[in-house]
Amino acid sequence: MKRDELRRMLTEAPYDALVLTSEVNRRYATGFHSTAGAVYLSAKQAVFFTDFRYVEAARAAIGDFEVREIGGKSYTAAINELIEQDGVKRVALEDRMLTYADYTAWATALHATAVRLEDGVGQLRLCKENDEVEKIVAAQRIAEQALEEVMNDIRPGATEKEIAARLTYLMLHYGAENMSFDPIVVSGANSSKPHGVPTEKQIEAGDFVTMDFGCIVDGYCSDMTRTVAVGHVTDEMQTVYDTVLNAQLAGIAACKAGVSGHEVDAAARRVIAEAGYGAAFGHTFGHGVGLEIHEAPVAGPRMTAPLPAGAIVTAEPGIYLPGKFGVRIEDMLYVIEDGCIDLTEAPKSLVIL
Ligand code: ZN
Ligand code: ZN
């Protein structure tokens with residue numbers, strides 16, 4: 001239970017209560033999603049405050065926090081009552097999530113010394129528990145089902161936006177709560193932009209079509225990319241595709257607990273550099289995925305920290321040739337002691353539609 005893990009954190013920390021106000025950490029703690037609320041946790045009390053709009057649903061959904069309606073009070077006034085009951089001297093606030101103005105306002109209003117939570121909750125979120133992995137896998141299976149069906153719609157004349165809309169529809173149809181992010185569907189020369197936006201451009205024979213998308217199940221995101229060809233490919237397209245795939249496989253082979261994000265990134269980058277495309281791979285190999293689509297850990301050149309067992313990190317090298325085309329292939333990896341489990345099952349050999 002996340003409440004108990006958060007409480008264990010309190011025993012070693014230089015604070016005796018914590019207050020979570022960010023949407024994502026409130027959801028992590030309680031499992032409940034709302035746009036407004038605050039979590040208060042001390043050794044004695046675990047309370048989730050929210051407003052009239054959410055209180056009924058919160059009471060039905062949350063078992064391990066007492067749910068209280070904020071009513072006409074301010075969140076700080078409500079929390080001050082608990083601080084006084086518990087004799088709290090130091091209270092941690094989410095310095096990494098709050099704006100400076102919000103942090104200052106909370107610190108001034110609370111009747112305890114505010115200290116920075118720093119990366120406390122982030123560290124807990126880094127290593128996924130089984131229930132979290134299951135949700136991410138469920139989201140991934142939905143994305144794969146959508147991909148399989150959208151292949152039927154990718155043909156000359158279909159626009160990038162139409163394919164993006166179809167992916168969105170299919171993921172919602174198969175049970176997604178929402179998109180992890182707006183799907184990226186780029187084709188032909190547009191595919192050289194790693195985070196290009198779908199346009200009215202029609203797909204043409206000879207195009208690569210890169211689709212980067214994912215969905216959310218019970219708060220947890222999935223993320224995948226596949227690049228397919230339409231009609232035919234040139235030798236250069238085939239070479240670039242093979243190079244990206246080999247780079248991804250090299251990164252996956254290097255990925256295990258204790259290895260740094262830098263080493264995983266370097267294993268893939270080496271393959272691309274040796275093929276002569278080093279300058280065309282300008283982003284990192286991967287990022288963590290969980291309640292947020294981009295979270296820790298990052299597998300990139302500057303990341304010297306070892307990857308922990310339980311982290312989920314993407315494997316997404318790419319080669320981008322401006323004015324010509326781009327290729328990216330992305331899976332999600334679950335890091336374990338002696339390697340990693342690829343959570344993505346969609347095939348990766350080049351598909352020519
Ligand atoms: Zn992606
Ligand atoms: Zn990604």
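Which residues of H10 are buried? The first legend answers this, and the others cover further close-ups of this predicted model.

**Figure 1. Helix H10 and its buried residues.** Helix H10 covers residues 261-274, 14 residues in total. Its buried residues are Gly261, Val264, Asp265, Ala267, Ala268 and Ile272. These buried residues pack against three elements: helix H9 (235-254), strand E14 (295-299) and strand E16 (318-321). From first C-alpha to last, H10 reaches 20 Å. That span is close to the 20 Å expected at 1.5 Å a residue. Gly276 follows H10 and has a positive phi, near 90°.

**Figure 2. Thr243 in helix H9.** Thr243 is placed in helix H9. Its relative accessible area is 8%, so Thr243 is buried; the cut-off for buried is under 20%. Leaving aside residues up to four places away in sequence, Thr243 touches Val271, Ile272, Ala275 and Ile319. One of these contacts, Ile272, is also among the buried residues of H10.

**Figure 3. The zinc ion (ligand 1).** Protein donors come from Asp212, Asp223 and Glu330. Asp212 is listed twice, each time through OD. Asp223 also donates through OD, and Glu330 through OE. The donors lie 2.0 to 2.7 Å from the zinc ion (ligand 1). What makes the arrangement of the four donor atoms irregular? They subtend angles of 53 to 153° around the zinc ion (ligand 1), which makes it so. A tetrahedral label would need all angles between 85 and 135 degrees. Along the chain the donors follow the spacing D-x10-D-x106-E. Asp223 and Glu330 link distant parts of the chain, 107 residues apart. Asp223 sits in the loop between strand E11 (220-221) and strand E12 (224-229). Glu330 sits in the loop between strand E17 (325-328) and strand E18 (331-336).

**Figure 4. The zinc ion (ligand 2).** Four donors coordinate the zinc ion (ligand 2): Asp223 (OD), His287 (NE2), Glu316 (OE) and Glu330 (OE), at 2.1 Å. Angles of 79 to 153° between the donor atoms make this arrangement irregular. The spacing of the donors along the chain is D-x63-H-x28-E-x13-E. Glu316 and Glu330, 14 residues apart, link distant parts of the chain. Glu316 is in the loop between strand E15 (312-315) and E16, whereas Glu330 is in the loop between E17 and E18. Both glutamates, Glu316 and Glu330, are buried.

**Figure 5. The bridge between the zinc ions.** Which residue bridges the zinc ion (ligand 1) and the zinc ion (ligand 2)? Asp223 does, and the two ions lie 3.0 Å apart. Asp223 is buried, with a relative accessible area of 2%. Glu330 appears among the donors of the zinc ion (ligand 1) and among those of the zinc ion (ligand 2). Glu330 is buried too, with a relative accessible area of 0%.

**Figure 6. An aromatic pair, Phe32 and Phe48.** The model has four aromatic pairs. In one of them the rings of Phe32 and Phe48 have centres 6.1 Å apart. Their planes stand at 70°, so the pair is edge-to-face; the cut-off for that label is over 60 degrees. The pair links distant parts of the chain, 16 residues apart. Phe32 lies in the loop between helix H2 (23-30) and strand E2 (38-42). Phe48 belongs to strand E3 (residues 46-50). Is the pair buried or exposed? Both Phe32 and Phe48 are buried. Together with Tyr54 they form one aromatic cluster.

**Figure 7. Arg269 over Phe281.** Here a charge meets a ring. The charged end of Arg269 sits over the ring of Phe281. It lies 4.0 Å from the ring centre.

**Figure 8. Ala164 in helix H8.** Helix H8 (residues 160-173) contains Ala164. Ala164 is buried, at 9% relative accessible area. Its contacts, not counting residues up to four places away in sequence, are Pro183, Val185 and Pro198. Phe208 is 44 residues from Ala164 along the chain, and their C-alpha atoms are separated by 15 Å.

**Figure 9. Gly122 in helix H6.** Gly122 lies in helix H6 (residues 120-126). Its relative accessibility is 27%, so Gly122 counts as partly exposed. Pro156 is 34 residues away along the chain. The C-alpha atoms of Gly122 and Pro156 are separated by 45 Å.

Notes:
Residues are numbered from 1 along each chain as its sequence is written. Chains are lettered from A and ligands numbered from 1 in the order in which they are written. This is a predicted model: local features need pLDDT of at least 70, side-chain atom pairs count only at pLDDT 80 or more; totals for chains, interfaces and linings use all residues. Side-chain values use heavy atoms; hydrogens and water are left out. Rings of Phe, Tyr and Trp (its six-membered ring) pair if their centres lie within 6.5 Å; planes under 30 degrees apart count as stacked, over 60 as edge-to-face and the rest as tilted. Helices (H or I, at least four residues) and strands (E, at least two) are DSSP runs, numbered from the N terminus. Buried means under 20% relative accessible area, exposed over 50%, partly exposed in between (1.4 Å probe, protein chains only). A charge sits over a ring if NZ of Lys or CZ of Arg is within 6 Å of the ring centre and within 35 degrees of the ring normal. Donors are N, O and S atoms within 2.8 Å of the metal (3.2 Å for Na, K and Ca); water is not among the atoms, so sites may look incomplete. Four donors count as tetrahedral if all angles lie between 85 and 135 degrees; four count as square planar and six as octahedral if opposite donors are over 155 degrees apart and all others between 65 and 115; anything else is irregular. The expected span of a helix is 1.5 Å times one less than its number of residues. Contact means heavy atoms within 4.5 Å.
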